[in-house]
Amino acid sequence: MTKKTFDDSNWREEYKNYTTSKYELELLENGAKSLSQSWCLGALYQKWKKMKGYKEPDPPDCSSSYLEWEKSIKENQ
């Protein structure tokens, strides 16, 4: 599990200052009551992070090829 390098504990309160949409304000205050509302709330969170300039670290490169795997098997026999 990765640790965050930013404080997002009150992102909902901060985002309320950037919207006038009644739907978004209701979501921010009361939370999601359905799957589609949770998607919208997640989109608002991503928009908030983008506005603040927060970025998630890139995932590590875990790619490999069959040839590399086959070579490692032959070396370990």
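Is N17 buried or exposed? In this predicted model, N17 is exposed, with a relative accessible area of 66%. The views below begin with the whole chain and then move in towards this residue and its surroundings.

**View 1. The whole protein is built from helices, with 4 of them and 0 strands.** Starting at the N terminus, you will meet the elements in the order α-α-α-α. Along its principal axes, the box filled by the C-alpha atoms is roughly 65 × 25 × 15 Å. The radius of gyration is 21 Å, whereas a compact globule of 77 residues would have one near 11 Å. Even so, residues 24 or more positions apart supply 46% of the contacts with a separation of 6 or more.

**View 2. The surface of the protein comes to about 6,800 Å² of accessible area.** Carbon and sulfur atoms account for 52% of this surface. Of the 77 residues, 21% count as buried. If you look for charges, there are 13 positive and 13 negative ones, and their mean positions lie 4 Å apart.

**View 3. Helix α2 spans residues 22-30 and has E24, L27 and L28 as its buried residues.** These residues sit on the same side of α2, because they cover an arc of only 95° around the axis. A handy reminder for reading this view: an α-helix has 3.6 residues a turn, so residues three or four places apart point the same way. Turn your attention to the other side of α2, and you find K22 and E29, both exposed.

**View 4. The buried residues of α2 are covered by parts of the protein that include α1 and α3.** In the sequence, α1 takes in residues 11-16 and α3 takes in 35-52. The residues under this cover are E24, L27 and L28.

**View 5. G31 follows helix α2.** The phi angle of G31 is positive, near 85°. It is worth picking out this glycine when you trace the chain onward from α2.

**View 6. N17 lies in the loop between α1 and α2.** Here we return to the residue we started with. With a relative accessible area of 66%, N17 is exposed because it is over the 50% cut-off. L27, in contrast, is one of the buried residues of α2. N17 and L27 are 10 residues apart along the chain, and their C-alpha atoms are separated by 14 Å.

Note on methods: Residues are numbered from 1 along each chain as its sequence is written. This is a predicted model: local features need pLDDT of at least 70, side-chain atom pairs count only at pLDDT 80 or more; totals for chains, interfaces and linings use all residues. Side-chain values use heavy atoms; hydrogens and water are left out. Helices (H or I, at least four residues) and strands (E, at least two) are DSSP runs, numbered from the N terminus. The radius of gyration is taken over C-alpha atoms; the globule rule is 2.2 Å times the number of residues to the power 0.38. Buried means under 20% relative accessible area, exposed over 50%, partly exposed in between (1.4 Å probe, protein chains only). Contact means heavy atoms within 4.5 Å. Accessible areas come from the Shrake-Rupley method with a 1.4 Å probe; for residues, only the protein chains shown count as cover. Lys and Arg count as positive and Asp and Glu as negative; His and the chain ends are not counted. The place of a charge is taken as NZ of Lys, CZ of Arg, CG of Asp or CD of Glu. The arc is that of the directions from the helix axis to the C-beta atoms.
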